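Grab a pencil and open the viewer. Here are a few exercises with worked solutions to go through at your own pace.

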Amino acid sequence: DGDPQARTRPDAVLAGPRRLTGVGAAFDAASALIEAAEAEAAASVAELDEAEKAALQTALGARGAGRGAAGAMRGAAGQLKDLEKRQKSRATRAQRDALDRALVDLAGFYRDALVAALRAPVAPVHTDAAALAEAGGQKWHAEGALRRLEAVLECRSAIESNVKPRIAVEAMMLALWKG
């Protein structure tokens, strides 16, 4: 995929485990992950939102002049409000999708640490973070790596069950720190 953000996202996500040095750091890592997902989502929908709004305004005569145009715009307020509601829903979905991609990257990292701890002859998901996963596998052993992987998967399930993403990610980061 040609999106430079898509290539740098795993690097940013995988930096999280290294920063988990205490409770405060866990909350900071959670905030960083949420904010990165929000930024990625905002960038992905902003251009489309503007294009849709401009097209609707043009179709409703927003660029016109005179009494007829002013009356048409007053009647169009409901349509603009509906568009904004759909766009807000799409932005929320995009945020959740971006966060889920980050969680999948994180799950892949802890899977790699588990594979390393077990000395399984399996290729890593994140070849560029293989050394970090290997170090994690040695430090946490198989049980610790598995608990961390489960914490990431539980976070994904919680978000799918409509737990507020920030709360789910904070709980996950604390679990990752505690091991």
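**Exercise 1. Work out which secondary structure elements the protein has and in what order they run.**

Start with the count: this predicted model has five helices and zero strands. Next, read from the N terminus on, and the order is α-α-α-α-α. Now look at how the chain packs. Of the 179 residues in the protein, 37% are buried. Finally, take the contacts with a separation of 6 or more: 70% of them are between residues 24 or more positions apart.

**Exercise 2. Find the aromatic pairs that involve Trp 140, and classify each one.**

A pair of aromatic rings is described by the distance of the centres and the angle of the planes, so those are the numbers to look for.

Step one: a search of the whole structure turns up three aromatic pairs. One of them joins Phe 109 and Trp 140, with 6.4 Å centre to centre and 85° between the planes. An angle over 60 degrees counts as edge-to-face, and that is the label for Phe 109 and Trp 140. Along the chain the two are 31 residues apart, with Phe 109 in helix α3 (residues 67-118) and Trp 140 in helix α4 (residues 130-160).

Step two: try Tyr 110 with Trp 140. Their ring centres are 5.5 Å apart and the planes sit at 40°, so this pair is tilted. Again the link is between distant parts of the chain, as Tyr 110 is in α3 and Trp 140 in α4, 30 residues apart.

Step three: put the rings together. Phe 109, Tyr 110 and Trp 140 make up one aromatic cluster.

**Exercise 3. Decide whether the rings of that cluster are buried or exposed.**

The cut-off you need is 20% relative accessible area, with buried lying under it. Tyr 110 has 1% relative accessibility, so it counts as buried. Trp 140 comes in at 16%, so Trp 140 counts as buried too. Phe 109 is also buried.

**Exercise 4. Check whether α4 is straight or kinked.**

First, compare spans. With 31 residues, a straight helix would reach 45 Å at 1.5 Å a residue, but the end C-alpha atoms of α4 are only 29 Å apart. Then look for the spot: α4 has a kink of about 110°, centred on His 141.

**Exercise 5. Describe how α4 and α5 are arranged and which residues meet.**

Begin with the axes. Those of α4 and helix α5 (residues 165-178) come within 9 Å and cross at roughly 170°. Angles over 145 degrees count as roughly antiparallel, and therefore α4 and α5 are roughly antiparallel to each other. Now list contacts: on the α4 side they include Arg 148, Ala 151, Val 152 and Cys 155, while the α5 side includes Pro 165, Ala 168, Val 169 and Met 172.

**Exercise 6. Which non-glycine residues have a positive phi, and where do they lie?**

Take Arg 119 to begin with. Arg 119 is not a glycine, yet its phi is positive at about 55°. Arg 119 belongs to the loop between α3 and α4. With 60% relative accessibility, Arg 119 counts as exposed.

Then there's Asn 162, another non-glycine, with a positive phi of about 70°. Its place is in the loop between α4 and α5, just after α4. Asn 162 has 61% relative accessibility, so it counts as exposed.

Methods. Residues are numbered from 1 along each chain as its sequence is written. This is a predicted model: local features need pLDDT of at least 70, side-chain atom pairs count only at pLDDT 80 or more; totals for chains, interfaces and linings use all residues. Side-chain values use heavy atoms; hydrogens and water are left out. Rings of Phe, Tyr and Trp (its six-membered ring) pair if their centres lie within 6.5 Å; planes under 30 degrees apart count as stacked, over 60 as edge-to-face and the rest as tilted. Helices (H or I, at least four residues) and strands (E, at least two) are DSSP runs, numbered from the N terminus. Buried means under 20% relative accessible area, exposed over 50%, partly exposed in between (1.4 Å probe, protein chains only). The expected span of a helix is 1.5 Å times one less than its number of residues. The bend at a residue is the angle between axes fitted to the seven residues ending there and the seven starting there. Axes are lines fitted to C-alpha atoms, for helices over the stretch in contact, and angles run from 0 to 180 degrees between N-to-C directions. Angles under 35 degrees count as roughly parallel, over 145 as roughly antiparallel, 65 to 115 as roughly perpendicular and the rest as oblique. Contact means heavy atoms within 4.5 Å.
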